[in-house]
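Good morning, and thank you for making time for this item. I would ask you to bring up the sequence and the coordinates, so that we can go through them together.

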Amino acid sequence: MDIIVVGLNHRTAPIEIREKLSITDAQLREALIRLKTCQGINEGLILSTCNRVEVCAVVREIQSGFQRIREFFEDHHSGLSPEEWNDSLYLYSSDEAIRHIFRVASSLDSMVIGEPQILGQLKEAFDVAMHQKSTGVILNKVFRKAISVAKRVRTETKIAENAVSISFAAVELAKKIFGQLDGKEALLVGAGEMAELAVRHLADNGVKKVMITTRNFDNAIDLAKRFHGIPLRLEEFPLYMADADILICSTGASHYVITEEHIDKAIQRRKNRPIFLIDISVPRNIDPHVNRIDNVFLYDIDDLQLIVDANLEGRQKEALKAEEIVSEELTVINQWLRSLDVVPTLTALRTKAEEIRRMELNKFFSKLGGLTPEQRETVEGLATSIVNKLLHSPLVALKDEARSKNGAQYVEAARRLFNLDKDPPRHPQHTASEKEDDADPGDEAESK
C-alpha cells in the first residue's frame, strides 16, 4: 500500500481553474463515495478550499492510483477539458505525499505562511471523510499526526505571530499605542476593503463603538449595521473626531480629507489623550503634517507595508524551523508505516506455526489412543508453549527491524526462511473504526 496526493493550488493553477474543480461542502460526501469506488483506491480524503483542491489516497499501485484520481477529477467536472487543468496537477507519493500533508496542515504551503484557517479546514475534511468511512487506519494515522505536527509547529515556532496583512498590522500598532483596545472608540471615514477589514479586526479585539461615514449615507447605514456601529453623514464626522481613539481613513478623494486643523482641534478636545490615525488611501487623505502634533500617531499604507514585509521575513525564518519539525515527524510516521509492512508476515508465520502444531497433534492423538481429556489438554498446552517460545524471538526481531531502513530485507528473509510465499497473505485491510494498535506515544489524541 502507498499514500499518494493529487491536486492543484494557488501556485499551480489560476482561480478560474480552481473554482471549477473545487468540491463544495454539499458535494463532498457524494464525492467521497465516488472516490472509494475507484479501482485500486483503498482509502481517500478530499481537501477543497479556495486555494487548493487535493485528493489524498491509499492505493495498491502508485501510477494507476494517479490515473484513477485524474479520472475522478475529470468525472467531477465533465464540462472542463482535462487539457485545461492536467498540467496544473502535482503528484506526490510515499514520503513526498506525507511531507506535503504535514506542510499543508502546518500552513507552510499556504498563500500566507502561518495563517490559521487551513488547519481548521483540514480537520473538517478529515471529520467528513471519517464519517463517510472513506479513511482507514493509514490515513487516520497520517492525518492525526498531521494535526499533531501543526500544533507542534505553532507551539515551538513563531510562525503565526506578527501581522502579515495591512489591516491586521494596523490593529497590532493600535495595541502597541493603547496597550489594550477594550473600551476604545473608532471612526471609519470611507469604505475601502482594507479599512473595513481593519475595523472588523478592531471590533474583534474589544473596540466598543465604531462610527462610520461615507459619501453615500445609505452605504454608511449598511456598514454600521454589519459592525453594530453608528452611521454619520460625511459633513458631520469632524464633530465626532474627538470621540475617536482610532481613526481609519480610506476614501477615493484626491485631496486631504482630514487636515492638520481637524486633528489639532480634536486633540485639544481630547485633552491630549492619544489618537491613532490610519491612512489607507492612495493618494493619501490625511495631511502628513498632523504627525507634528503631540500624542498624534499617523501611519499610512507604506508604513504598514514595511511592518508587513518585516513580519513576513520573520515568518520565513520561523518556517525553516517548522520544516525541521516536519522532517522529524516524517521519520516517526515512516517508522510506523514500515511496521505495517511486517504485519502480513507476522500473521503468516503465526498461521503456519499453528497449522503445523495442529497437524502434528492430530497425528499424535490418532496414534496414541486412550488419553483422558486432562492428558490431551496437557499435551496441547506443551505443544503451544513450544511453538510460542520458538516464535517469540523471530517475531520480536521482525517487529523491531520493521521500523528500520532495512526492514524490508528482514521481512523478505523471514518469508524465505519459513517458506511463507506459497500462498502470500494479502495486506490487511482496515476500516475507519479500527483501533491503531501501534500509535506513537507522542501523538496527540484528536477528539473526533
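**A buried aspartate and its partners**

I begin with Asp 109, which counts as buried because its relative accessibility is 7%. Please keep in mind that we are looking at a predicted model.

What does Asp 109 pair with? Its salt-bridge partner is Arg 11, and the closest N and O atoms of the two lie 3.0 Å apart. This pair links distant parts of the chain, 98 residues apart: Arg 11 sits in the loop between β1 and α1, and Asp 109 in the loop between α5 and α6.

A second pair is formed by Lys 145 and Glu 329, whose side chains meet in a salt bridge at 3.1 Å, N to O. Here too distant parts of the chain are linked, with Lys 145 in helix α7 and Glu 329 in helix α12, 184 residues apart. Are these two residues buried or exposed? Both Lys 145 and Glu 329 are buried.

For a local case, consider Lys 265 and Glu 261, which form a salt bridge with the closest N and O atoms 3.3 Å apart. The two residues are 4 apart in helix α11, so about one helical turn separates them. Lys 265 counts as partly exposed because its relative accessibility is 49%.

Returning to the wider picture, salt bridges that share partners join Arg 11, Arg 52, Glu 54, Arg 103, Asp 109 and Glu 323 into one network. Across the model, the count comes to 21 salt bridges.

**Helix α9**

The next item is helix α9, residues 193-204. How does its length compare with expectation? At 1.5 Å a residue, its 12 residues should span 16 Å, and the end C-alpha atoms are 17 Å apart, which agrees.

Which residues of α9 are buried? They are Ala 195, Glu 196, Ala 198, Val 199 and Leu 202. These residues cover an arc of only 160° around the axis, so they lie on the same side of α9. The general background is that an α-helix has 3.6 residues a turn, so residues three or four places apart point the same way.

The buried residues of α9 pack against α8, β5, β6, α10 and β8. On the face turned away from the buried side, α9 carries the exposed residues Glu 193 and Asp 204. Just after α9, Gly 206 takes a positive phi of about 110°.

**Empty space**

I turn now to the pocket and cavity analysis. The largest pocket holds about 660 Å³ of space. It is lined by 26 residues, of which Val 112, Glu 115, Pro 116, Gln 117 and Val 164 are the closest to its centre. Helix α9 appears again here, since α6, α8 and α9 each supply at least two residues of the pocket lining.

How many cavities of 30 Å³ or more are there? The count comes to 1. About 40 Å³ of space lies in the largest cavity. Its lining consists of Leu 45, Leu 47, Glu 54, Cys 56, His 100, Ile 101, Val 104, Leu 122 and Phe 143. Among these, Glu 54 is also a member of the salt-bridge network described earlier. At least two lining residues come from each of β2, β3 and α5, and α5 provides the largest share, with 3 residues.

**Strand β3 at Ala 57**

Strand β3 also contains Ala 57, which counts as buried because its relative accessibility is 0%. Leaving aside residues up to four places away in sequence, Ala 57 touches Asp 2, Ile 3, Ile 4, Ile 41, Glu 43, Gly 44, Ile 69 and Leu 139. By way of contrast, the C-alpha atoms of Ala 57 and Ala 353, 296 residues apart along the chain, are separated by 35 Å.

**Backbone details**

I close with the backbone. Where is the loop residue Lys 133 found? Lys 133 lies in the loop between α6 and α7, and has a positive phi of about 60° although it is not a glycine. With a relative accessible area of 59%, Lys 133 is exposed.

Asn 295, likewise not a glycine, has a positive phi of about 65°. Asn 295 is found in the loop between β9 and β10, and is partly exposed at a relative accessible area of 32%. That loop also holds Pro 283, and the peptide bond from Val 282 to Pro 283 is cis, with omega near 0°.

Notes
Residues are numbered from 1 along each chain as its sequence is written. This is a predicted model: local features need pLDDT of at least 70, side-chain atom pairs count only at pLDDT 80 or more; totals for chains, interfaces and linings use all residues. Side-chain values use heavy atoms; hydrogens and water are left out. The expected span of a helix is 1.5 Å times one less than its number of residues. Buried means under 20% relative accessible area, exposed over 50%, partly exposed in between (1.4 Å probe, protein chains only). The arc is that of the directions from the helix axis to the C-beta atoms. Contact means heavy atoms within 4.5 Å. A salt bridge is a side-chain nitrogen of Lys or Arg within 4 Å of a carboxyl oxygen of Asp or Glu. On a 1 Å grid over the protein atoms alone, a cavity is a set of points where a 1.4 Å probe fits but cannot get out, and a pocket is an open set with protein on both sides within 12 Å along at least five of seven lines; lining residues have an atom within 4 Å of a point. Grid points are joined across faces, edges and corners, and a volume is the space filled by probe spheres set on the points.
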